[in-house]
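Below are some comments on the structure you asked me to look over. They are set out as numbered points, beginning with a single acidic residue and its partner.

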Amino acid sequence: MKLAFACLTAAALCAPPAWADYLIPLRTIRAKEIVNPEDLALKKGETLGALSDPADVTGMEARVSLYAGRPLRPGDIGPPAIIERNDLVTLIFRQGALSIAAEGRALGRGAAGEAVRVMNLSSRTTVTGRIKEDGSVEVN
């Protein structure tokens, strides 16, 4: 009995790794482009850390250039940016019941939830805030 268990354990440890599907782009997708379902294909093989679910990638923005045939990794994509560099945005400061709004100019680009630097147009001061879903920037 022990010999059979030892043989099964050795066979499991020496077996080739299970193949899994991973996503590759079918064409070169430039940074800042939105990834569409027709841009993707599943490829059989083993690649550590590669994405495998097209639903996780479709509609996302390429953070870097994605080259055809190369595996997609989580850091290669992200949510689409809603603020572009030089966009006019509303800066919002809230503390308790107090709420102050000012106009600012974005010094970077980003998606909802990301940090972005913004120049307050009234004071010319640069502040960092978090992008909200409506495109405003909340400063703490």
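1. Asp-39 has a relative accessible area of 5% in this predicted model, and because the limit for a buried residue is under 20%, Asp-39 counts as buried. Its carboxylate is nevertheless paired, since a salt bridge joins Asp-39 to Arg-27, with 3.0 Å between the closest N and O atoms. Both residues lie in the loop between β1 and β2, so the pair ties together parts that are 12 residues apart in sequence. Arg-27, for its part, is partly exposed, at a relative accessible area of 33%.

2. A salt bridge is also formed by the side chains of Lys-44 and Asp-21, at 3.2 Å from N to O. Here the two partners sit in strands, Lys-44 in β2 (residues 40-45) and Asp-21 in β1 (residues 20-25), so this pair ties together parts that are 23 residues apart in sequence. Lys-44 counts as exposed, with 66% relative accessibility, while Asp-21 is partly exposed at 31%.

3. How many salt bridges does a search of the whole structure find? The search gives nine, and one of the pairs, Arg-63 with Glu-61, meets at 3.1 Å from N to O. Glu-61 is buried, with a relative accessible area of 3%, whereas Arg-63 is partly exposed at 27%. These two residues also belong to a network of salt bridges in which Glu-61, Arg-63, Glu-84, Arg-109 and Glu-114 are linked.

4. As to the overall layout, the protein has two helices and nine strands, and their order along the sequence is α-β-β-α-β-β-β-β-β-β-β. Of its 140 residues, 27% count as buried, and the accessible surface comes to about 9000 Å², with 57% of that belonging to carbon and sulfur atoms. Among the contacts with a separation of 6 or more, 43% are between residues 24 or more positions apart.

5. The largest nonpolar core has 10 residues, namely Leu-23, Ile-29, Val-35, Leu-40, Leu-51, Val-57, Ala-62, Leu-66, Leu-72 and Ile-77. A second core, separate from this one, has nine residues, including Ile-83, Ala-106, Val-116 and Val-139. Within the largest core, Ala-62 is in contact with Ile-29, Arg-30, Ala-31, Lys-32, Glu-33 and Asp-76, if its neighbours within four places in sequence are left aside.

6. Leu-66, another member of the largest core, is found in the loop between β3 and β4 and counts as buried at 3% relative accessibility. Leaving out residues up to four places away in sequence, Leu-66 touches Pro-25, Arg-27, Thr-28, Ile-29, Val-35, Leu-72, Asp-76 and Ile-77, a list that includes the Arg-27 of the first point. The C-alpha atoms of Leu-66 and Pro-25 are separated by 6.9 Å, although the two residues are 41 residues apart along the chain.

7. Arg-73 lies in the loop between β3 (61-62) and β4 (77-78), and is partly exposed, with a relative accessible area of 35%. Apart from its neighbours within four places in sequence, Arg-73 is in contact with Thr-47, Leu-48, Gly-49, Ala-50 and Leu-51. Arg-73 and Leu-23 are 50 residues apart in sequence, and 8.7 Å separates them in space, C-alpha to C-alpha.

8. Which residues of strand β7 (residues 115-120) make up its covered face, and which its uncovered one? Val-116, Val-118 and Asn-120 form the covered face, and Ala-115, Arg-117 and Met-119 the uncovered one. This division can be read against the general rule that in a regular strand the side chains alternate between the two faces of the sheet. One residue of the covered face, Val-116, also belongs to the second core.

9. Strand β7 pairs with two other strands, and Val-118 has a partner in each. Strand β6 (residues 98-106) runs antiparallel to β7 and is joined to it by three bridges, with Val-118 in β7 as the bridge partner of Ala-106. The pairing of β7 with strand β8 (residues 126-131) is also antiparallel and extends over five bridges, and there Val-118 stands opposite Val-127. The hairpin of β7 and β8 has five residues between the strands, and in this hairpin Arg-124 takes a positive phi near 60°.

Methods. Residues numbered from 1 in each chain as written. Predicted model: local features only at pLDDT ≥ 70, side-chain atom pairs only at ≥ 80, totals over all residues. Heavy atoms only, no water. Core = buried A, V, L, I, M, F, W, Y, C linked by side-chain atoms within 4.5 Å. Buried < 20%, exposed > 50% of the residue type's maximum accessible area, 1.4 Å probe, protein only. Contact = heavy atoms within 4.5 Å. Helix = DSSP H or I, 4+ residues; strand = E, 2+ residues; numbered from the N terminus. Areas by Shrake-Rupley, 256 points an atom, 1.4 Å probe, with all protein chains shown as cover. Salt bridge = Lys/Arg side-chain N within 4 Å of Asp/Glu carboxyl O. Pairing = 2+ DSSP bridges.
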